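Got your viewer open? Load the model and follow along, one selection at a time.

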There are 2 protein chains.
Amino acid sequence: MNSQRWPDPGTTLPLLWRTAERPSRGSGLTIGAIVEAAVALADADGIGAVTMRGVAERLGVGTMSLYTHVPGKRELHALMLDRVFADAAAVAGGDWRERCAVIARQDRARYLRHPWLLELPAARPAFGPGVAAKYERDLAALDGSGLRAAEMNAAVMALTSFVYGAARFQSQARDDERDGRTERRFWQDHEPFLHLVLDPARFPTAHRVAEEARRDGDADHDSSFEFGLERLLAGIGDLVEGRA
Amino acid sequence: MNSQRWPDPGTTLPLLWRTAERPSRGSGLTIGAIVEAAVALADADGIGAVTMRGVAERLGVGTMSLYTHVPGKRELHALMLDRVFADAAAVAGGDWRERCAVIARQDRARYLRHPWLLELPAARPAFGPGVAAKYERDLAALDGSGLRAAEMNAAVMALTSFVYGAARFQSQARDDERDGRTERRFWQDHEPFLHLVLDPARFPTAHRVAEEARRDGDADHDSSFEFGLERLLAGIGDLVEGRA
DNA sequence: TTCCGTTGTCGTACGTCGTACCGTACAACA
DNA sequence: TGTTGTACGGTACGACGTACGACAACGGAA
């Protein structure tokens, strides 16, 4: 299945900036329409539902017609990513810390709105209009924080990593719930194995904490995210204020 | 392809703890051997190389024979995850902060040693021997930090999220390099589009920072990770010391 | 208006995947 | 020495991405 052909910015950029759009004959097929349909499918049923056949069917078009406008599925994924990153709005007002918090919440919300984003390669996305807008916004937020350039980059990276990881765990937990693998069911299934899982000899701390947790219950994802964000920003703040 | 059958702890736990191992007839096939082969394939060529046919071939066995011992591919993935989490060694000595740092580095190293881990559902993994050992280790590290139980959980979650996100970005970047999508190539491909990407009117900050970045160069992943880890622990430390 | 080359459209087909189904043959017990 | 339970695995089905080539719709030239 893997055709060993990798998408690269060289082939993706003209698509992203629509500088080489193919004319449509009778079908009304355009890059934009294809990406729109793919995003709709992914939002509804996950990235697994984005098949070339599925996208084509949604557009009322033959499967292979897509290949006139898009080289392949991986490039389509890159286009989808840039498409949903285009919602990155400029953040004004407040100090760098507040701006960063707003951005982190924005990014988290986008991941939860489009959880398939978390499955896509995103380490070094091609600079389409959407990714460029997000890049601009992130940099502008940290502008004037007083950090050196290298520190600014590292800080953005730390925030991005945290937001990504937190969103991914939450997204997977949501999938679990949707498919019936609830918290309740989880512990029900573990009941026959609790003597192994919570063996006080092998796992003393786990045994003890499980007791406490049963009383207190787990924190929800929202407050857990806010806690981590606040701690990370506090740690960066220490650096800004020369305290650490 | 999706058979709508989801793996759950109820079916996976007996496999994880080997309480219902099927006897092997002439082939020497066991759960352990299957998991071992699958991990070897994944380490070598990624999670995509772990196909039932591939695992069977590596074991010199018919494809369908695997299904005698393992219900399906998703359960095999869960077994693989627990298998590599079993390397979680107890961390002794130092204060909570040092112990957390050691654990974070251990976890990051495991993600980079087994990057396919990052692709697996891991939000609420079934408690096999490996996952239980990691859980015990994590909790023991934070024991005695003075944080309340809810804060401890949130702190672990924040650290886990950060480590996961950072490892994922680094892993993807490594894949990019391996497949020829190097940093150099990236900017070469962008050259014809720089007037769009770095348009001073639309993206003023990006335009300016790109100039600086060209001089300074990017920080590597190691120092970037250490920066984020240090900041996050500093922020948690503020809380412990009642400073924030 | 007619013709023809260009090119958007898409039906067919191939090789991959996970796995359902079922026949076969071996091991353990009678 | 039957008899039976079950480990093993061959075949097949429906999904997938996409290579290939036939066809038809369009634009410009005559």
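Keep in mind throughout that this is a predicted model.

**Stop 1: a helix crossing between the chains**

Start by selecting helix α8 (residues 149-178) of chain A together with helix α12 (residues 221-240) of chain B; their axes come within 9 Å and cross at roughly 70 degrees. An angle from 65 to 115 degrees counts as roughly perpendicular, so α8(A) and α12(B) get that label. Now show side chains at the crossing. On the α8(A) side you want A:A154, A:M157, A:A158 and A:S161, and facing them from α12(B) are B:S224, B:F227, B:G228 and B:R231. Colour the residues of this contact by class and you get four nonpolar, three polar and one charged.

**Stop 2: another crossing**

Next, pick α11(A) and helix α7 (residues 129-142) of chain B. Here the axes come within 8 Å and cross at roughly 75 degrees, and α11(A) and α7(B) are therefore roughly perpendicular to each other as well. From α11(A), highlight A:T205, A:A206 and A:V209; what they meet in α7(B) is B:A132, B:Y135, B:E136, B:L139 and B:A140. The class split for this contact is six nonpolar, one polar and one charged.

**Stop 3: the whole chain A side of the interface**

Zoom out and select everything in chain A that touches chain B. How many residues of chain A are in contact with chain B? There are 60, and they meet 60 residues of chain B. The elements of chain A giving two or more residues to this side are α1 (9-16), α7 (129-142), α8, α9 (183-190), α10 (194-197), α11 (204-216) and α12 (221-240). If you only want to highlight one of them, go for α8(A), which gives the most, with 17 residues. Recolour by class and this side of chain A shows 35 nonpolar, 11 polar and 14 charged residues.

**Stop 4: the domains of chain A**

Hide chain B for a moment and split chain A by its domain assignment: domain 1 is 9-84 and domain 2 is 94-243. Drop a centroid on the C-alpha atoms of each, and the two centres are 30 Å apart. Where they touch, 15 residues of domain 1 are in contact with 13 residues of domain 2. On the domain 1 side, α1, α2 (31-45) and α5 (73-85) each give two or more residues. The largest share, six residues, comes from α5(A). By class, that domain 1 side divides into nine nonpolar, three polar and three charged residues.

**Stop 5: annotated stretches**

Stay on chain A and select residues 28-88, which an unreviewed UniProt entry annotates as "domain: HTH tetR-type". The chain is 66% helix and 0% strand over that range, with its end C-alpha atoms 29 Å apart. Then select residues 51-70 of chain A, where UniProt (unreviewed entry) places a "DNA-binding region". That piece is 60% helix and 0% strand, and 13 Å lie between its end C-alpha atoms.

**Stop 6: the DNA strands**

Bring chain B back and click on DNA strand C. Which residues come nearest to it? Of the 25 residues around strand C, they are A:R25, A:G62, A:M64, B:T51 and B:G72. Helix α3 (residues 52-59) of chain B gives the most to this surface, with three residues. The surface near strand C divides into eight nonpolar, 12 polar and five charged residues.

Finish on DNA strand D, which 25 residues surround. The closest are A:T51, B:R25, B:S27, B:G62 and B:M64. This time, select helix α3 (residues 52-59) of chain A, which gives the most to the surface near strand D, with three residues. For your last recolouring, the surface near strand D holds eight nonpolar, 12 polar and five charged residues.

How values were computed
Residues numbered from 1 in each chain as written. Chains lettered and ligands numbered in written order. Predicted model: local features only at pLDDT ≥ 70, side-chain atom pairs only at ≥ 80, totals over all residues. Axes fitted to C-alpha atoms, helices over the stretch in contact; angles between N-to-C directions. Helix = DSSP H or I, 4+ residues; strand = E, 2+ residues; numbered from the N terminus. Parallel < 35°, antiparallel > 145°, perpendicular 65-115°, else oblique. Contact = placed C-beta atoms within 7 Å. Nonpolar A, V, L, I, M, F, W, Y, C, P; charged D, E, K, R; others polar. Near = placed C-beta within 6 Å. Domains from an automatic or database assignment. UniProt positions renumbered as here; feature names shortened; annotations may be inferred.
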